[in-house]
Each structure stands twice: as C-alpha cells, then as structure tokens.
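Subject: Structure handover and some notes

Hi,

Here is the structure I promised to pass on to you. Have a look at it first, and then read on for what turned up.

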Amino acid sequence: MVSIRCNQLTRWCARRRGLGRALRMGHAMGFSLGAMMGLVRSYRRAQNEVSLCLGRRERIQETTFSLDSFSSEDCLSLFRFLPHHIVKLVSLLHLVVPFPRSRLAVDPVECFCVVLRRLASPCRWYDMEELFGRHAPALCVIFYATLEVLMHRWDPLLSEWRVDFLRERAALYSTRIEEAGAYLDKCVGFIDGTTIFVSRPGRGFQRACYSGHKRRHAIKFQSVITPDGLIAHLFGPWEGRRHDMTLYHESGLDAVLSDALVIQGVQHDIYGDAAYLVRPWLQASFRGVMTPNEEVCNKTMKVPRSAVEWGFKDVKQVCAFLDFPRKLKFRDGPVGLFYRAGALIWNLRCCAYGSATADFFKCPPPSWEVYLGSLPGLGGQGAAAGSTSGEESGPSGAGGAGEGGDDAGGA
C-alpha cells in the first residue's frame, strides 16, 4: 500500500489555487491584506509546501541508482549483502522481472535491491524515493513484481524436502550435533514452530489468528533448521492458534521423512520439543515423570535444540520488516509471502557470511552454487551461472563481515 504522502503535492497545489481565488475575491470586494491576514498566511504556507515538494521531485528525478555509490558498510546496512555479492546473486537467481502493464525499465540488480531494502527495515516507500530515484507507486510495483518472480522460481527451496541435498550432508550434520553434546547420534536437524505477530485483522479473522499462548494476533510457520544455520524446510502460513503438531500433520512431512531419512540403510531423525509425538524419524524431549537418565538426555539436547530459536531470531534481525506488526496487515499485502522471502534471503546470507548456529556446531554452510543447484528440476543451472558470472567462485571469502545496523524509518 502506497503512503498518502505521494499525493501531497496535488493536495497542496489544489489548496494554493483555492486560497489564491479567495484572496482575489477579497481584494475585489475591498478587503485589505490586514483583514485577510489568515488567508495570506495559509497561502504562503501552501506556496512553501509546493516549493518543497517540487524540490524533492527534482532531486528524485536527478537520482540514478548505482551500487557503486555505496560503501560496503552501507550495503550491509541497507541491503544485507556486499555490492559484488548482490550482483552475483542476481546472476545465480536468474532474476528477470517483466513489467508488461507499465513502461518501467528496471535493471534486475535494482529490482533485487528494492526487495532487500524494503525487507531490511520497516521503512516507508516515501523514505526510499531519494535512494532509488523513483516515486513511491513505481517502487511498490517493482517490489511486488520482483517478489512474485523470485518466490515463484525459488520457493521450492523452502517448501520441498530436498532429499538428495540433505542425504549428502546428513553425515556432517549428525556428527556436528553429536559433538555438541547431544545424546542422539543420527540427528540431522531441529523442528519447531514460530509465530509472526501481525496487526489485528478484521472480517472474521481475529478469532482464527489470535494465539492464546502468545496473547497476540499472529500467523504460524513450521521450520526445520540444520546445524549449518539453513532453514531446510518451511511450512506456512497457518492460523496463529494452531498447535505445532497440527502444522506437522498438515505439512505432509510425516509421510516424506519416513523414507527420506533412511540414509544408506540407517534411520536418521530430526528433533523437536515435547509438543511433538515420537516417531523413528522424529524424536522429542521426554516429558511427564522422568527417570534420571531421561532428565540427563533432555539436558544434553537443551542447548543444541536452541539452535532452532537462533534461526527464528536471525530471520527477523536480517529482515526487520517482519518484526514490525503494524506493517503486517492481511488486507494490505501477502504477509506469509513476506516471511517466506525473508527466510530465503536469510538462507542466501547464511551461505555467504555464516551464522551463530553454524559457528556453534562448527558446521560451515554450502556455497551459493551448491545450495541453489540443489533445487529439484533445476538441472545444475545455478552452478553453471555461477561459474560464468566473472565473480569469485564462492561467497565464503566474505566471511566475518559484520551485521549491518537497522536504520528503521517511522511507520
């Protein structure tokens, strides 16, 4: 939804014309300027506002977006990636955004930067105009068109269980989790649900989205996070009042994991909290009256299981727009799509710069070529594009780059 500020020039011009007519009529009727001082002050204010709006419009029209004009620190703060990594990502993602219903001509790099900037902090379209040299309605069109193209192609990285990719890394995952002190020796990831707080919805959605546990209106997602910090599977959005086991059954993971986690004849598993039922491929913490051995087992899994909470925190820190409920309104935009895009951006950033989860388990994430090439049906196009992009072979050279600060604009 575009801010009302985009119409303020039209409103002030109309007000100036009306006040001008009133002043001319007063002068024709013989009133002095002293008698019309209130009208004069209002006319001068309207004239000043029109001048300011025209000056801002000229600055916007003179601005040309270029990544070369940003330092590395500014890029990390505004877009969450280094400049050369953004260019390489656009090539690997095969990002081509058409605008058939408008005459916009936008470079794919600029399209991707609009998405990154919008999700990086809860800024307004008005705040982004002078950054990109485009007006708020055009930025809104670019954002939603790019988001649709990006998630239409790459959403299966989150919504599908990538059997081959996870089987190749299962030995590494299980070893790193066991070395972290866990009593499970074949665990490859952690499963849990997370709630995204939203504005209070109307039209019958209040009861469905109200979470009695959180005492807030929210939507829920279910995530499976691996020791390298990646969100391996994401299911949602769902109503905020739903239980974690409801999401697990509705996601269809129970039927998939029964075969997908049998690797070289050995049954592997994922681990969840006490809300989940126990399966050979799904382990949960002990509950109720426990023996001393069971209490020790729960204690060994307490710290490793918190990695899933770190993953939820990382997505909201990198995409702070998702942690601002006043911007998340059902009737104004696809809230669930925003979170899925944020999770994908986090996975891409994790592959480049690592994460707290990867550091804790000492499990390095894969490169962009490996991660994007694991999409079923892609046929290795991502790796081929990466080898011909002219950039360095992988993003790991940027390891250790610091987090950018949030320069959140007002709502």
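Helices here are DSSP runs of H or I with at least four residues, and strands are runs of E with at least two, numbered from the N terminus. With that in hand, W161 can be placed in the loop between α8 and α9 (163-179). Please keep in mind that this is a predicted model.

Let me stay with W161 for a moment. Is W161 buried or exposed? Its relative accessibility is 12%, and buried means under 20%, so W161 counts as buried. Setting aside residues up to four places away in sequence, W161 touches L166, V224, H233, L253, V256, L257, A260, L261 and I270. One of these contacts, H233, is 72 residues from W161 along the chain, yet the two C-alpha atoms are separated by 6.2 Å.

Next, the charged pairs. How many salt bridges does the structure hold? The count is twelve, and here are some of them.

E369 and K88 form a salt bridge in which the closest N and O atoms are 3.2 Å apart. This pair links distant parts of the chain, with E369 in helix α17 (residues 368-373) and K88 in helix α4 (residues 83-93), 281 residues apart. Both E369 and K88 are buried.

D155 and R340 also meet through their side chains in a salt bridge, at 2.8 Å from N to O. D155 sits in the loop between α7 (136-154) and α8 (156-159), while R340 belongs to helix α15 (residues 335-353), so the pair ties together parts that are 185 residues apart in sequence. D155 and R340 are both buried; for R340 the relative accessibility is 8%. Apart from neighbours within four places in sequence, R340 is in contact with M151, D155, L158, S159, F221, L234, F235 and G236.

A third pair is D254 and R279, whose closest N and O atoms are 3.5 Å apart in a salt bridge. Here D254 lies in helix α12 (residues 253-260) and R279 in the loop between β7 (269-272) and β8 (282-284), with their positions 25 residues apart in a link of distant parts of the chain. R279 has 23% relative accessibility and counts as partly exposed. There is also a network of salt bridges that links D192, R305 and E309.

Now to the helices. Helix α2 (residues 37-62) has 26 residues and reaches 38 Å from its first C-alpha to its last, close to the 38 Å expected at 1.5 Å a residue. Which residues of α2 are buried? They are V40, A46, V50, C53, R56 and I60. An α-helix has 3.6 residues a turn, so residues three or four places apart point the same way. Among the elements that cover the buried residues of α2 are α1 (8-28) and α6 (125-132).

Finally, α4, the helix that carries K88, also packs against another helix. The axes of α4 and helix α5 (residues 108-120) come within 10 Å and cross at roughly 105°, which means that α4 is roughly perpendicular to α5. On the α4 side the contact is made by I86, L89, V90 and L93, and on the α5 side by P108, V109, F112, C113 and L116. By class, this contact has nine nonpolar residues, no polar and no charged ones.

Happy to talk any of this over whenever suits you.

Best wishes

Methods
Residues numbered from 1 in each chain as written. Predicted model: local features only at pLDDT ≥ 70, side-chain atom pairs only at ≥ 80, totals over all residues. Heavy atoms only, no water. Salt bridge = Lys/Arg side-chain N within 4 Å of Asp/Glu carboxyl O. Buried < 20%, exposed > 50% of the residue type's maximum accessible area, 1.4 Å probe, protein only. Expected span 1.5 Å × (residues − 1). Contact = heavy atoms within 4.5 Å. Axes fitted to C-alpha atoms, helices over the stretch in contact; angles between N-to-C directions. Parallel < 35°, antiparallel > 145°, perpendicular 65-115°, else oblique. Nonpolar A, V, L, I, M, F, W, Y, C, P; charged D, E, K, R; others polar.
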